[in-house]
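User: Got a minute to go through a model with me? I'd like to start with the overall picture and then poke at a few details.

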Amino acid sequence: MSPCKCTKCVPAVGRRASRLRRRLNVRRPRSHTRLRVVTYEKGAVLGNTGGGQSTLVRTMANITGLPLNPIDSIRYQAGGEEIPHIEYLEIHAGLLQKERWIIDGFGCVASAWKRFAAALSPWLASLYVSQDCRRRGVGSALLEAAIREGKRIGLDALFLFTVTS
C-alpha cells in the first residue's frame, strides 16, 4: 500500500530524525513514511497529587473546546460525601458514551481502564528491547510488525505509548 498523498498527511519524521537515522545508519521504515493527522475528541489524564495534571487538563479543554469532566465531580457529592460506587460506575459509563470529553482523575482501576480504552484505542504500549539488543533495528522491526498487523486487521490508527529513561 503506497503512502497517502493527501493534505491531511504529514511527514512522519523531521530533519533531526533524518540526521539521526543517517548517523546511526538506520533506514526509514517504509510502512509508515507518512502518518495520518488525528483529531482527538476524547482525552484521559491522571497523575500524582500535585503533579499538574488538573492544570494541564484545564488548558487542554480551553484550547480544544472539549468538555472537562473531573472525576471528583462525578465521584463526590457537593458536600464532599462519596456517592455509591455502583452509581459512580453508571455515571462514568454514561460519560464515556458521549462523543467528546476530557476526564481528569483516576476514580478506580476498572473505570480508569475503560476510560483509557475509550480515549485511545487501539494502542501499543511498553514496547521493550533489552539493552544488549538495542541499536540493531529490533525496536523498529517490532513496531513495523505491529503496524503491518494493524493494517491487516483494518485499523487506521495505532496509538503508541512509550516511556523514556
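Analyst: Sure. One convention before the loops come up: helices and strands here are DSSP runs, H or I of at least four residues for helices and E of at least two for strands, numbered from the N terminus. Also, this is a predicted model.

User: Fine. How many helices and strands does the chain have?

Analyst: Six helices and seven strands. Going along the sequence, the pattern reads β-α-β-β-α-β-α-α-β-α-β-α-β.

User: And what share of the residues counts as buried?

Analyst: 24% of the 165 residues. The accessible surface of the chain is about 12,300 Å², and carbon and sulfur atoms hold 55% of that. As for contacts with a separation of 6 or more, 59% are between residues 24 or more positions apart.

User: OK, the sheet. What's the strand order?

Analyst: β3-β5-β4, an open sheet of three strands with parallel pairing. β3 (42-45) and β4 (68-70) are at the edges, and each has a single partner strand, so one side of each has no neighbour in the sheet. From one strand to the next, the twist averages 15°.

User: How many bridges hold β3 and β5 in register?

Analyst: Four, in the parallel sense, with β5 covering residues 101-104. To pick out a pair, Gly43 has Ile102 in β5 as its bridge partner.

User: Which helices pack on that sheet?

Analyst: Two to look at are α2 and α4. Helix α2 (residues 53-64) touches β3, β4 and β5, and its direction makes about 170° with that of β5. Helix α4 (residues 85-97) also touches β3, β4 and β5, at about 145° to the direction of β5.

User: Back to β3 for a second. Which of its side chains are buried?

Analyst: Gly43 and Val45, which point to one face. Lys42 and Ala44 point to the other face and are not buried. That fits the usual rule: in a regular strand, side chains alternate between the two faces of the sheet.

User: Switching to charges. How many salt bridges turn up?

Analyst: Three in the whole structure. One of them joins Glu41 and Arg100, with the closest N and O atoms 2.7 Å apart. That pair ties together distant parts of the chain: Glu41 is in the loop between β2 (34-36) and β3, Arg100 is in the loop between α4 and β5, and they are 59 residues apart.

User: Are those two buried, exposed or in between?

Analyst: In between. Glu41 has a relative accessible area of 31%, so it is partly exposed, and Arg100 is partly exposed too, at 35%.

User: What about the salt bridge of Glu82?

Analyst: Its partner is Arg75, and the closest N and O atoms are 3.1 Å apart. Arg75 is buried because its relative accessible area is 17%, and the cut-off for buried is under 20%. Glu82 is partly exposed at 40%.

User: And Glu149 with Arg152, how far apart are they in helix α6?

Analyst: Three residues, so about one helical turn separates Glu149 and Arg152. Their closest N and O atoms are 2.7 Å apart. Glu149 is partly exposed at 36%, while Arg152 is exposed, with a relative accessible area of 60%.

User: Which residues make up the nonpolar patch on the surface?

Analyst: Leu46, Phe106, Val109 and Trp113, with about 410 Å² of accessible area together. Trp113 belongs to helix α5 (residues 109-119).

User: Last one. Arg135 caught my eye; what is its phi?

Analyst: About 65°, so to speak on the positive side, although Arg135 is not a glycine. For background, most residues other than glycine have a negative phi.

User: Where does Arg135 lie?

Analyst: In the loop between β6 (123-125) and α6 (138-152). Arg135 counts as exposed because its relative accessibility is 76%, and the threshold for exposed is over 50%.

User: Great, that's what I was after.

Key
Residues numbered from 1 in each chain as written. Predicted model: local features only at pLDDT ≥ 70, side-chain atom pairs only at ≥ 80, totals over all residues. Heavy atoms only, no water. Pairing = 2+ DSSP bridges. Axes fitted to C-alpha atoms, helices over the stretch in contact; angles between N-to-C directions. Contact = heavy atoms within 4.5 Å. Patch = residues over 30% accessible without salt bridge, like charges linked within 9 Å, V, L, I, M, F, W, Y side chains within 5 Å. Areas by Shrake-Rupley, 256 points an atom, 1.4 Å probe, with all protein chains shown as cover. Salt bridge = Lys/Arg side-chain N within 4 Å of Asp/Glu carboxyl O. Buried < 20%, exposed > 50% of the residue type's maximum accessible area, 1.4 Å probe, protein only.
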